[in-house]
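Trainee: I'm new to this structure and would like to go through it step by step. Can we start with what the pairing terms mean?

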Amino acid sequence: MDVQYLDKLKEIVGEDGYFEEYEDLLCYSYDATYLKGKVPSIALYPTSTEQVSEIMKIAYEEAIPVIARGAGTNIAGSFIPLDRNAIIVDLKRMNKIIEIDAENLTATVEAGVVTLDLMTAVEKVGLFYPPDPSSQKVSTIGGNVAVNAGGPRGAKYGNTLAYVLGLEVVLADGRILNTGSKCIKQSSGYNLAKLFVGTEGTLGIITKAILKLIPKPESKKTMVAIFDKLLDASQAVSNVIAKGIVPTTLELMDDKMIALVDQFKPTGFPKDAEAVLIIEVDGPASILDGQLEEIKQICMETGARATKIAKDAEEAEKIWEGRRSSYGVFTRASQNVLTEDITVPRTKFPVLVKKIKEIGEKYNVNLCVVAHAGDGNTHPAILADLRDEGEKERVEKALEEMALEGIRLGGTLSGEHGIGVVKKDFMLAEHGEVSLAVMESIKNVLDPKGILNPGKVWNKSDITNS
Ligand SMILES: Cc1cc2nc3c(=O)[nH]c(=O)nc-3n(C[C@H](O)[C@H](O)[C@H](O)COP(=O)(O)OP(=O)(O)OC[C@H]3O[C@@H](n4cnc5c(N)ncnc54)[C@H](O)[C@@H]3O)c2cc1C
């Protein structure tokens with residue numbers, strides 16, 4: 001890159017607002033996947049929307065790729081730079097909670113706010129921000145919006161999309177778009193705020209978000225149901241939902257996952273069970289025991305060996321710590337971790353789990369099944385060493401077959417992680433040519449030079465009628 005532009009970029013963010021040394025930039029060639037991207041040319045740390053806008057104006061003029069960075073925790077290869085010239089716009093210094101409007105039940109935040117910081121701040125005033133990715137201690141609201149992140153509570157409360165009321169976005173050419181408002185009903189033309197959700201930094205850089213909050217549930221209770229058969233556990237999930245009961249969370253962990261968690265963070269899950277369900281209900285204290293009793297009955301009728309209700313908040317937190325540690329535990333146990341995010345209509349959940357297990361056996365891969373089962377969202381994780389070419393080939397085939405099976409069951413490639421580079425080869429199978437062509441038309445209007453996070457979400461070659 002021409003050194004003149006580097007100097008202009010550095011001037012915008014000031015002396016302590018950038019990294020340009022190779023050693024500092026190396027970490028920006030990674031995200032939380034097993035992939036390695038290109039080392040970018042510079043990482044910038046703007047402190048205001050105006051600075052982001054100035055950066056984009058230069059990048060647009062020079063047609064230089066720009067990639068927004070939250071905490072780099074995505075597990076779809078949504079971040080990794082594919083171009084050596086890429087500029088990284090790291091939002092970590094734009095981390096102010098601008099306002100918690102307790103009367104309108106909204107929060108206005110800068111994109112770099114850490115998810116847990118927002119959750120904690122709103123809970124202090126009796127409110128609740130439900131999307132709870134297990135990476136919440138480090139992931140950012142900008143990153144959550146950009147991939148439409150979810151989490152265990154998605155079963156009852158949905159993903160980030162359901163909470164985005166408005167956004168401030170810097171467009172590819174540097175213009176600042178403000179869209180949406182604090183209104184919880186908005187029928188005023190195209191909903192541009194929702195359009196940007198899940199676009200993985202390919203349409204603009206999100207600098208602020210207006211988010212919907214809800215009152216904090218009065219109380220919650222956590223129960224574990226223990227199963228001798230994985231397939232019984234997955235059927236129990238479907239049976240609970242079919243009865244019209246929607247718990248806050250309905251999480252599934254298989255025996256391999258239980259053993260790994262136990263190795264690194266003992267939580268007391270029984271080691272001889274083939275699966276456990278972690279079930280949480282929330283709401284008025286007076287109804288929770290009744291709800292748990294109903295769920296317990298369904299689990300027992302579907303083959304549960306036993307159920308156990310956490311006696312207090314401490315015991316419940318220990319259970320959740322075990323569940324939230326899953327990805328960390330995988331990465332400690334294996335050279336590489338490849339996680340799927342296939343989501344199916346909830347009645348199809350048991351069928352998908354069965355298929356996933358069969359595919360794992362067919363390709364002889366080291367597979368763990370963990371799932372946000374209550375919303376049909378599976379995270380089969382393959383622990384592998386991709387330096388072994390034979391193993392790599394088997395893993396890739398297994399992942400492809402799982403993805404296509406999910407689509408065949410009427411599902412989607414991703415319930416919450418996004419597409420990045422990891423799943424883009426299957427976008428055509430899920431969406432078809434017309435949808436991909438429409439997505440590309442939107443991209444061309446908002447990013448005519450293709451500088452925003454190029455090479456992510458779909459393959460150009462898949463779009464034939466644009
Ligand atoms: C241990 C672990 C547990 C996880 N658990 C969950 C889970 O339960 N649920 C879940 O949904 N995900 C989970 N994830 C995945 C990940 O944490 C989420 O995808 C999260 O939303 C990423 O946020 P981030 O700030 O790290 O974004 P990054 O990884 O930095 O970026 C993600 C994508 O968004 C873009 N982006 C980032 N910020 C902006 C912005 N301001 N404007 C425009 N584009 C932007 C990036 O360019 C990239 O394409 C987990 C990951 C790990 C490592």
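Mentor: Sure, one term before anything else: two strands count as paired if DSSP finds at least two bridges between them. Keep in mind that what we're looking at is a predicted model.

Trainee: Okay, so in which sense do β13 and β14 pair?

Mentor: Strand β13 covers residues 249-254, and strand β14 covers residues 275-283. Six bridges link these two strands, and Asp254 sits opposite Ala275 in β14. The sense of the β13 and β14 pairing is antiparallel.

Trainee: Which strands are at the edges of the sheet they belong to?

Mentor: That sheet is open and has seven strands, in the order β15-β12-β14-β13-β17-β18-β16, with antiparallel pairing. Ignoring direction, neighbouring strands in this sheet are turned by 20° against each other on average. An edge strand here pairs on one side only, and the two that do so are β15 (304-309) and β16 (336-339).

Trainee: And which strands of that sheet does helix α14 touch?

Mentor: Helix α14 spans residues 389-408 and packs on the sheet. Its direction makes about 175° with that of β18 (377-384). The strands α14 touches are β16 and β18.

Trainee: Let's step back to the whole chain. How does its radius of gyration compare with the globule rule?

Mentor: The protein chain has 15 helices and 18 strands. For 466 residues the globule rule gives 23 Å, and the chain's own value is close to that, so the chain is as compact as a globular protein of that length. The C-alpha trace spans about 70 × 60 × 45 Å along its principal axes. The radius of gyration you asked about is 22 Å.

Trainee: How far apart are the centres of domain 1 and domain 2?

Mentor: The chain is divided into domain 1 (3-92), domain 2 (94-215) and domain 3 (219-408). Taking the centres of domain 1 and domain 2 over C-alpha atoms, the separation is 22 Å.

Trainee: Which element supplies the largest share of the side of domain 1 that touches domain 2?

Mentor: Across this boundary, 19 residues of domain 1 are in contact with 23 residues of domain 2. On the domain 1 side, α3 and β3 each supply at least two residues. That side divides into nine nonpolar, seven polar and three charged residues. The largest share, seven residues, comes from α3.

Trainee: What strand order does the four-stranded sheet have?

Mentor: This one is an open sheet with mixed pairing. One parallel pair joins β2 (residues 42-44) and β4 (residues 87-90) over three bridges, with Leu44 opposite Val89 in β4. The order of the four strands is β1-β2-β4-β3.

Trainee: Which strands does helix α3 lie across?

Mentor: Compare two helices here. Helix α1 (residues 3-13) lies across β1, β2 and β4, at about 25° to β2. Helix α3 (residues 49-62) runs at about 170° to β4, and the strands it lies across are β2, β3 and β4.

Trainee: Last topic, the ligand. Which element gives the most to the shell around the ligand?

Mentor: The ligand is surrounded by 37 residues, the closest being Gly70, Gly142, Gly143, Ala146 and Gly201. Two or more residues of the shell come from each of β3 (66-69), α5 (141-147), β10 (205-212) and α12 (326-333). The element that gives the most, with five residues, is α5.

Trainee: How many residues of that shell are charged?

Mentor: Domain 1 (3-92) and domain 2 (94-215) each provide at least three residues of the shell around the ligand. By type, the shell holds 15 nonpolar and 18 polar residues, and the number of charged ones is four.

Technical notes:
Residues are numbered from 1 along each chain as its sequence is written. This is a predicted model: local features need pLDDT of at least 70, side-chain atom pairs count only at pLDDT 80 or more; totals for chains, interfaces and linings use all residues. A residue is near a molecule or strand if its C-beta atom, placed from the backbone, lies within 6 Å of it. Ala, Val, Leu, Ile, Met, Phe, Trp, Tyr, Cys and Pro count as nonpolar, Asp, Glu, Lys and Arg as charged, and the others, Gly among them, as polar. Domain bounds come from an automatic or database domain assignment. Two residues are in contact if their C-beta atoms, placed from the backbone, lie within 7 Å. Axes are lines fitted to C-alpha atoms, for helices over the stretch in contact, and angles run from 0 to 180 degrees between N-to-C directions. The radius of gyration is taken over C-alpha atoms; the globule rule is 2.2 Å times the number of residues to the power 0.38.
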